[in-house]
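Work through the exercises below with the sequence and the model side by side, and try each task before reading its solution.

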Amino acid sequence: MVATVGKVLIALAITIIVSWGWKVLYWVWLKPKKLEKLLRKQGYKGNSYKLLIGDIVELATMVKEARSKSIHPISHDISSHVMPFDHHVFNKYGKKSYIWFGPNPRIFIMDPELIKEILSRPDEFQKPHPEAFRDSIVGGLVISEGRKWESHRQIISPAFNVESMKSMFTAICSSCSEMTKKWELLTASTGVVDVDVWPYIDDFAGDVISRTAFSSSFEEGKKIFQIQKEQMDLAIQLLFILYLPGARYQ
């Protein structure tokens, strides 16, 4: 009797191990390779799938290298500096391409009509939500689905019509004028000076949002914007961390 129970337990344990092993194998290899085959069949191009990591390592390396260098010579063509891996993929495979975030492919949608169709069918095209912390930071339209997405879109749409944008023009000009005055003060003594414009552009964006959306200046809401900026920096860092099922519950 004891021997029989022991055999049953061993068989059960083997069954569970094999079942979980198959699920892991399907997740890390069989499903990605199946998706890769389907994408290529539909005319999409990209790197071959690498076990578990996908394109994460190459993407992180390119981003780190791009951030360590300044744009030289100065040019308005900044795509290779701001989004180096995407720029590399477009040059290599064209606009109908995809990249791998771990075992999950992400497709570049460049056709305006296709984008319009996807946005008009929010119930069918669901957004990925792999990380609760990241979703709590971003919020709004970026992660909303279905009726909630439609409701959010209806609320913000009036703010972006032509007449509303015209009413914002004065506030935007004021913010821009204040920024250029700061630059003029920097060049007042020597006439020529090297300026890191990014902090000013960052403050300018915050000031415009404050004036147009909340009728206040950036200085009044500076602390809130700083906290939001730190949250977004954390969210960007999470993009380069491979998501593992169940990790959010640890």
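The exercises that follow concern a predicted model, and each is solved step by step.

**Exercise 1.** Find how many helices and strands the protein chain has, and in what order its elements run.

Solution. Begin with the count, which for the protein chain comes to 10 helices and 2 strands. Then follow the elements from the N terminus on, where the order reads α-α-α-α-β-β-α-α-α-α-α-α.

**Exercise 2.** Decide whether W22 is buried or exposed, and find which surface patch it helps to make.

Solution. First place W22 in the chain, where it lies in helix α1, which covers residues 2-41. Next take its relative accessibility, which is 52%, and because exposed means over 50%, W22 counts as exposed. Finally, look at the surface around it: W22, L25, Y26, W29, L30 and L51 make a nonpolar surface patch of about 590 Å².

**Exercise 3.** Locate E124, decide whether it is buried or exposed, and state how far it is from G146 in sequence and in space.

Solution. Start with the location, since E124 sits in the loop between α5 (112-119) and α6 (132-138). With a relative accessibility of 55%, E124 counts as exposed. Then compare the two separations from G146, which are 22 residues in sequence and 8.7 Å in space, taken from C-alpha to C-alpha.

**Exercise 4.** Describe the protein chain as a whole through its buried residues, its accessible surface and its contacts.

Solution. Of the 250 residues in the protein chain, 20% are buried. The accessible surface comes to about 18400 Å², and 64% of this belongs to carbon and sulfur atoms. Lastly, among contacts between residues at least 6 apart in sequence, 52% join residues at least 24 apart.

Technical notes:
Residues numbered from 1 in each chain as written. Predicted model: local features only at pLDDT ≥ 70, side-chain atom pairs only at ≥ 80, totals over all residues. Heavy atoms only, no water. Patch = residues over 30% accessible without salt bridge, like charges linked within 9 Å, V, L, I, M, F, W, Y side chains within 5 Å. Areas by Shrake-Rupley, 256 points an atom, 1.4 Å probe, with all protein chains shown as cover. Salt bridge = Lys/Arg side-chain N within 4 Å of Asp/Glu carboxyl O. Helix = DSSP H or I, 4+ residues; strand = E, 2+ residues; numbered from the N terminus. Buried < 20%, exposed > 50% of the residue type's maximum accessible area, 1.4 Å probe, protein only. Contact = heavy atoms within 4.5 Å.
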